[in-house]
Amino acid sequence: MHRTVLAGLVALLVLPAHAAMPAPAVLDMQTIMADPDWIGHPVQSPYWSVDGRAIYYRVQRDGSPVRDLYRVDPATGKGGKLDPAAVAQADGPAVFDRDHTHAAFIRHGDVFVVDLASARRRQVTRTPEQESAPQFSADGRALQYRQGNHWYTYDLASGVSAPAAVLKFADDPHVEKPDTLRDHQRALFSTLRQLKADKDAVRAQQKVLEAADPGRAPEPFWLGDKITAVDTELSPDGRWMLLVTEPKDAPRGEAPKVIHYVTDSGYTEAKDARTYVGRKDPIPQSLLLLDLAKHATYNLDTAVLPGIKDDPLKALRAQAIAAREKAGDSAGAKALKAPKVRPVHIVSGENDGSGGGIVWSDDGSRLAIQLRAIDNKDRWIASVDFARHALVNQQRLHDDAWINWNFNDFGWLRDDRTLWYLSEQTGWSQLYVKPLDGKAKQLTADRFEISHPQLSEDGRWFYVRSNRVAPYSYDVYRVPVTGGELTRITHYQGMDQFALSPDGTQLAVLHSAPYVFDQLAVLPATGGTPRELTDTMKPAYMAHHWIAPQIVQVPSSHGAGAIYAKYYGPAHETDAPASRPAVIFVHGAGYTQDVTLGSTYYFREQMFHNRLVRKGYVVLDMDYRASEGYGRAWRTAIYRQMGHPELEDILDGKAWLVQHHGVDPKRVGIYGGSYGGFMTEMALLRAPGEFAAGAALRPPSDWVTYNAEYTSNILNDPQLDPEAYKTSSPIEYAANLKDPLLIEHGLIDDNVMTADSIRLYQRLIELHKKNFWISLYPLERHGFVHADSWYDEYRRIDELFDTWLAPNPPVR
């Protein structure tokens, strides 16, 4: 799409209802960074009522973290906020039995069941614990639910609730361990032998009575005291239970401390945070299959999975072991030896088919499990052969870099025999179906992403979210489960979530625009004109003539193709000075996408960018390599070299601004938070002289102090791949600093530790560097929440840019 046409379209999306309002004065920094009550709040967590006649959703209350519950009639658009009495009678997100005669949901942590014909509602539990994951039995006669890792079955006819299985993580007290002295005593004394026989007889009679009386609680499973349950999943037919376990006493690693200086008590308080990458071994997980009918336990051996005995890090491992042996560290070299069978994690999640690691078919006859190698290189989807009590691989996804965190959804078709799943095996997330004993069939294919698949109630269609039109444009599509055309259902270009009605005929959609938070609409599931149901934006905010971001393509000078970006500039470029300053904003998280036609997480930053433009700057916000939405190769380009491909893209963005928008190459600033702060530091330290100044907010400055879950995916383990950490950490390049650097960090940040910034600051002190500053915020964690902190943070950034990007900046 041509850029000017696209900009016009975005402008229409921005102010559909308030465009005629007079333009107020340019916002001051205090208003921009104030609590967002004056802006409005997004619609969140929509779901259908059990009868499909209403949609519930939540909106945050002004001046409060409380999110109120609302209800709206999709046919008329009438509705409103529910008072406490109405909330007590509201439905929760529901599940249905196969015949749609009953529905069940969780409200305030308790289970409710509804007879759909009579609309009669029954409360199943009333406990202080939190129940979850309701599901109907395969025959529709019972409702199953969990409390922690314990499962219960509620008989719909009798109203009796009972445990599906009793799990005891201890040794069976009725099973005697070998004891030579005890055996000697019994051999000597007949009375002891008789006491033993009497005890065994009572126990045997008890088991006979239990087997003959279905009204009794089931016999416990004694699982030993060496393991603990991470997750449990009950089959809908009640026959099987799968347990994900890990060693009970596995070392957890030392947790760093976060120091709280401003406290209610007045005393300094130290609290544990997460452990560092490489400072503990990830805990392997195992699978236990319980036969509830035969009261038997089976191990599901993961060694049968293809490739699980390979070592994807063989070359790096050999180098690391050789280095340890050369240094005389034989114990360290031995610790790096590859395991015979790679350990795995099972992605934990409720049995809802939305990315969790365990999914039963509706009739309970089949089970699929998603396993991920701890070294992050393989993902397996395996079924279970119940006759052999063994895993059967159905799909293996390998990546020399790392398996994605996203696009791992899978489940069963309505036939209870065919798997469906998402996979990046072609380089893009696409949708597949596979019979257990047949070949996989790809339902979608091209250079776009498929996510959030939902199966229609009749089992004929998949509804998905996709950016098929353009990387930045998201809508709902559908495709037949048998294969066929991928059909576009919505045309918002900024669609975020959707939910099918219980009968599958309607679609509730959350959609947004660059300056409009998520709003709720409903339309036919086959497509058509939507009915808008909400408008939670405030008139004072919508009255501003916000600058419509232009989505542009920056050519890569490194063979990466087009780098998509949002450009903020004056409405009439010819009226602007020929030589102007620019700011490049770098989004956080690394793997996220900020260049879209929907609303942005960075709404405050977006207003700040408007302010910068009105002061004479232009702003560029880029989806550099590692960003979401552009396929697997774009994501994994940073493997073992974080901050390198991304910096190439950012420098291409700077060159594009200079060439096309009259930007002075000596007056370009850069800033961002979290991963964006990391990239700001990498830009100043790896490309000195390219940027006039930079502001790094809550930046990871040394990846060896970040967590294992994120970092080891991209950089492997620091003991195994120290060079990747050295290559990727800003602190290793501290000697190169020559441009002004402002570091800002929350003091109680337990995600990126404040120590990261303080350690870099100390390094710069020791290197006798100039023009660097640090600003610390005693009551802020990783994501700032207090308006005063937001204001102070961005006041300093604003002053930094005004000072060093001016036509005649101070002498450095």
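**Exercise 1. Find whether the radius of gyration of the protein chain agrees with that of a compact globule.**

Step 1. The radius of gyration is taken over C-alpha atoms, and the globule rule is 2.2 Å times the number of residues to the power 0.38.
Step 2. For 812 residues, this rule puts a compact globule near 28 Å.
Step 3. The protein chain has 30 Å, which agrees.
Step 4. Along its principal axes, the C-alpha trace spans about 105 × 75 × 60 Å.

This is a predicted model, in which local features need pLDDT of at least 70 and side-chain atom pairs count only at pLDDT 80 or more, while totals for chains, interfaces and linings use all residues. Residues are numbered from 1 along each chain as its sequence is written, and side-chain values use heavy atoms, with hydrogens and water left out.

**Exercise 2. Describe the protein chain by its helices and strands, its burial and its contacts.**

Step 1. Helices (H or I, at least four residues) and strands (E, at least two) are DSSP runs, numbered from the N terminus. The protein chain has 16 helices and 45 strands.
Step 2. Buried means under 20% relative accessible area, exposed over 50%, and partly exposed in between (1.4 Å probe, protein chains only). Of the 812 residues, 53% count as buried.
Step 3. Contact means heavy atoms within 4.5 Å. Among contacts between residues at least 6 apart in sequence, 59% join residues at least 24 apart.

**Exercise 3. Locate the largest nonpolar core and state which helix gives the largest share of it.**

Step 1. A nonpolar core is a set of buried Ala, Val, Leu, Ile, Met, Phe, Trp, Tyr and Cys residues joined through side-chain atoms within 4.5 Å.
Step 2. The largest one has 69 residues, and those with the most contacts inside it are Ile584, Leu620, Met642, Leu657, Tyr675 and Trp703.
Step 3. Helix α12 (residues 675-686) supplies the largest share of this core, seven residues.
Step 4. Apart from it lies another core, of 41 residues, including Ala692, Ala693, Leu697 and Phe784.
Step 5. Take Leu657 and leave aside its neighbours within four places in sequence: its contacts are Tyr567, Ala582, Ile584, Val618, Leu620, Gly662 and Val663.

**Exercise 4. Determine what covers the buried residues of helix α13.**

Step 1. Helix α13 comprises residues 708-715, and seven of its eight residues are buried.
Step 2. The buried residues are Ala708, Tyr710, Thr711, Ser712, Asn713, Ile714 and Leu715.
Step 3. Their cover includes β23 (367-373), α12 and α14 (722-728).

**Exercise 5. For Ala119 and Ala133, give phi, place and burial.**

Step 1. Phi of Ala119 is near 65°, a positive value in a residue other than glycine. Ala133 is not a glycine either, and its phi is positive at about 55°.
Step 2. Ala119 is found in the loop between β7 (110-115) and β8 (120-123), whereas Ala133 is found in strand β9 (residues 131-136).
Step 3. Ala119 has a relative accessible area of 56% and is therefore exposed. Ala133 has 11% and is therefore buried.

**Exercise 6. Is Gly569 buried or exposed, and with which residues is Gly569 in contact?**

Step 1. Gly569 sits in the loop between β39 (562-568) and β40 (580-586).
Step 2. Its relative accessibility is 6%, so Gly569 counts as buried.
Step 3. Leaving aside its neighbours within four places in sequence, Gly569 is in contact with Ile547, Val613 and Val618.
Step 4. The C-alpha atoms of Gly569 and Phe603, 34 residues apart along the chain, are separated by 17 Å.
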